[in-house]
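Reader: I'm new to reading protein structures. Could you walk me through this one?

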Amino acid sequence: MTDASPDRSRSPRVSADGFSLAKLLLEGRAFFALIAIIVVFSFLSPYYLSVGNFLTMASHVAIFGILAVGMLLVILNGGIDLSVGSTLGFSGVIAGFLMQGVQLTSFGVILYPPVWVVAVLVCVLGALVGLVNGVLIAWLKVPAFVATLGMLYVVRGAALLMTNGLTYNDLGGKPQLGNTGFEWMGFNRLLDIPIGVLVMAVIAIIGSIILNRTAFGRWLYASGGNERAAELSGVPVKQVQVSVYMLSGICAAVAGLILSSELTSAGPTAGTSYELTAIAAVVIGGAALTGGRGNIRGTLVGAFVIGFLSDGLVIIGVSAYWQTVFTGAVIVLAVLLNAIQYRRRVKLPSPAGGSPTSPQKDKATTADPALEKTAG
Amino acid sequence: MNAAPEFEPAPGDTVLAARHIVKTYGGTHALKGVNFDIRRGKVTTLFGENGAGKSTLMKILSGVTTPTSGSIELDGQSVTFSSASDARDRGISIIHQELSLAPNLSVRDNIFMGREIRGATGVDFAEEARQTRLLMADLEEDIDPLTLVQDLRLGQQQIVEIARALSVDSRILIMDEPTSALSATEVEVLFRVIRDLTARGVSIVYISHHLEEALQITDYAVVLRDGAITATANARHINLEWIVRNMVGENFDLGSPPTGYAFGEVALSVEDVSVADASSSERSVVDRLSLDVRSGEIVCIYGLMGAGRTELLECIAGRLQPSGGRILLDGKDISRFSIAERIARGLVLVPEDRQRDGLVQTMSVGANLSLASIGAFVRGMLLSRSQERSLVEASIRDVHVKTAGGSAPIGSLSGGNQQKVVIGKMLTTNPKVMLLDEPSRGIDIGAKAEVFRLLSERAARGLAVVFSTSEVAECLSIAHRIIVMHRGRISAEFTADATKEEIMAASGEAVVSDHEEHRSHHRDRR
């Protein structure tokens, strides 16, 4: 399910200074961390290493994995989306609301939309939240952190208002109303694999194709790496920016559908602080928060690292408080390693004598009043 | 390593000796084995063109960066500086070319930043203020210690920067373009301070683009060219001509205008275009400028800093909105078009600062080259890898990029090759008009000649080329027509047989800013 295609936008694995074990460990650190987690917990608990447990853990990972794919797109663009947890919760609430039937008072009827219509409407809603984020950031120049932080509150508030703080418990639908099947996403399995995991895989594959094989993906990497250069090369940087927030919103909506389907209930506080876990997965996966670097493969591995670690701690009976500490430590470690990996590269090759980042670069580039004086 | 003619080591009075200093940034060799001596109680001036490596060398000597290889001896002892404060502790301080002040803090706080004077109850602000007043008195500048730096004019900020360096009792003081924003009077004060310092045994390293001015104050002259020392001499034995000759080297042939074909129709037409100044609305940086360029023609825009060249080109390319006038491409008004639409219609810009505006550092050479022409290899929804590869390979051959291949990181290339990638990226869109803002900035002379040859080949095949420069020698290379810009307008137009003197006279050399006005008075007096 991870993308096997080499990521063209990254530097080649083997550079001029050759192949080295340290380099391999550094580049593949998230993957090695995942293997280490699996090995360690398999020793500590007899229940950890089994197909059944892996599938259960994978279905936990799915929610974060889907959020993280959307988050990766935003982070590749050099932004951040703090609103995905709230969007996830809001999506569940809207799904619950629609499943109860929509009363059209003027016509005196109650509409019971079928499940697929509910799913589509919820995704449209996620995209709308993303559109608001994108427009605020790209056109109105609100910093991404602030804009999405605001939306975090607004969307969560909307979810609480809609339900008055209560939870929709009955999402099953009724056969006579033709709206059954909502729990399919959360409970069913295809070839023994939970639907949520399959949805994550499909989203990851689509994401990989978008990033590696489409013009949009190239535009995204370019505008995240250097927005000014991308713009001067004809990249529609604003449209790209709005699109990534919309895609992130859709991912959050899908995650919301799966979560409420798994629980067959939709609470307005679902998904609180999930955005931070998604960001952590992206960072552990090696993406740079400054934009332009990162891929789906790494992000998924990052999501699995977090999920397998916390589930493993539950299985061996470590207290929930310690789980929080461990997860935090892993995130800090990941960021440290990112810093080591990118330190060499972040420094731009600067032209001799001038400072490319200097705000007063014009002064540095005034060529030769000297020459003019001599000849004049 | 280049041989250093007239290099005479002076062991007795050398306070700092840098030996075989090499500094590379990615694939760029900023310094190629430099030997540099600082003499006790003397002013040593480092001359060199932009990009020669002056600032890099000074950053190494002041501990701001570390050399890739080479050694530094201080009083005969080998030393390595771990940081700028480490070098400062050993008595070396630097006045940076770009101001490094905190604009939100007062003059006093800036001067003592990081070295606050401790008193019984925290910082002894009264003592700091007293010392600041003394420094200001010494520099003959009437600035209150509590004034915020952001409220000072640029020249006064530079004085504060100098005062900060003076406040540390250094043995070696490096001044990188200390006078660029100073008035003539302030320069005289600074020179008096420098003489006082050298009389007390302080060694000065001085860097300035104003050669005459530097000649007044210096004891020794060292010339740096393309990262290597080309000459060293006692200031008594040299004159301006010696400096320029060693700075520029032999007249390198940058080519001549391509001939043997007739120009085509007018490809680009600029009609009465104005661009408002971003900082003050009533001023225009480009002022009702009109210009026609035919296909096959190469036009050079010469002008000093602030003449409006960059703004004109960015406005034509769509980065800046004009405040008036029209831009026509093949007779069609494109003033309202986006950058992408202009590129699609055949109008492209190679920006001045390739690091900031030209390249995506996180992407490979190939992805950078193909960035502007992605549409050419999209099949259905997806990118065609094979078509992209052939496009990238063709482009690498076409513009002679020296690279390990399309997948190499862009940072591995030298400055000249990076510039060729930016040009190649725009050429793959098959433009009709190509604008280049200072295309030769920060690249060595060989790469410069190659870029110009490339442009003249393309012009002969019908490309209209407009490039800007601030070096007169470049005007008189491949351009069919030379336009001189001054204060946002065209002040003169020349054919390829113009002389350097004519071009420079038309650029209104001295009246770009307040500071430049001071300069001109200064010169007139002399």
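Author: Sure, and let's start with a cut-off: a residue is buried under 20% relative accessible area, exposed over 50%, and partly exposed in between. Keep in mind that this is a predicted model.

Reader: Is Asp272(B) buried, exposed or partly exposed?
Author: Asp272(B) sits in strand 13 of chain B, residues 266–276. Its relative accessible area is 47%. Values between 20% and 50% get the middle label, so Asp272(B) is partly exposed.

Reader: What is the phi of Glu177(B), which is not a glycine?
Author: Glu177(B) is in the loop between strand 9 (172–176) and helix 6 (184–199) of chain B. At 5% relative accessibility it counts as buried. Its phi is positive, at about 50°.

Reader: Which backbone oxygen does the side chain of Thr429(B) reach?
Author: Look in the loop between helix 14 (415–427) and strand 21 (433–437) of chain B. Thr429(B) has a relative accessible area of 17%, so it is buried. Leaving aside neighbours within four places in sequence, it is in contact with Ile343(B), Val348(B), Ala372(B) and Ser373(B). At 2.6 Å, its side chain reaches the backbone oxygen of Met426(B).

Reader: Which helix gives the largest share of the largest nonpolar core?
Author: That core has 100 residues, and Phe182(A) is one of those touching the most other members. The largest share of this core is 15 residues, and they come from residues 51–76 of chain A, that is, helix 3.

How values were computed: Residues numbered from 1 in each chain as written. Chains lettered and ligands numbered in written order. Predicted model: local features only at pLDDT ≥ 70, side-chain atom pairs only at ≥ 80, totals over all residues. Heavy atoms only, no water. Core = buried A, V, L, I, M, F, W, Y, C linked by side-chain atoms within 4.5 Å. Buried < 20%, exposed > 50% of the residue type's maximum accessible area, 1.4 Å probe, protein only. Helix = DSSP H or I, 4+ residues; strand = E, 2+ residues; numbered from the N terminus. Polar contact = N/O pair within 3.5 Å; in protein donor to acceptor, adjacent residues only side chain to side chain. Contact = heavy atoms within 4.5 Å.
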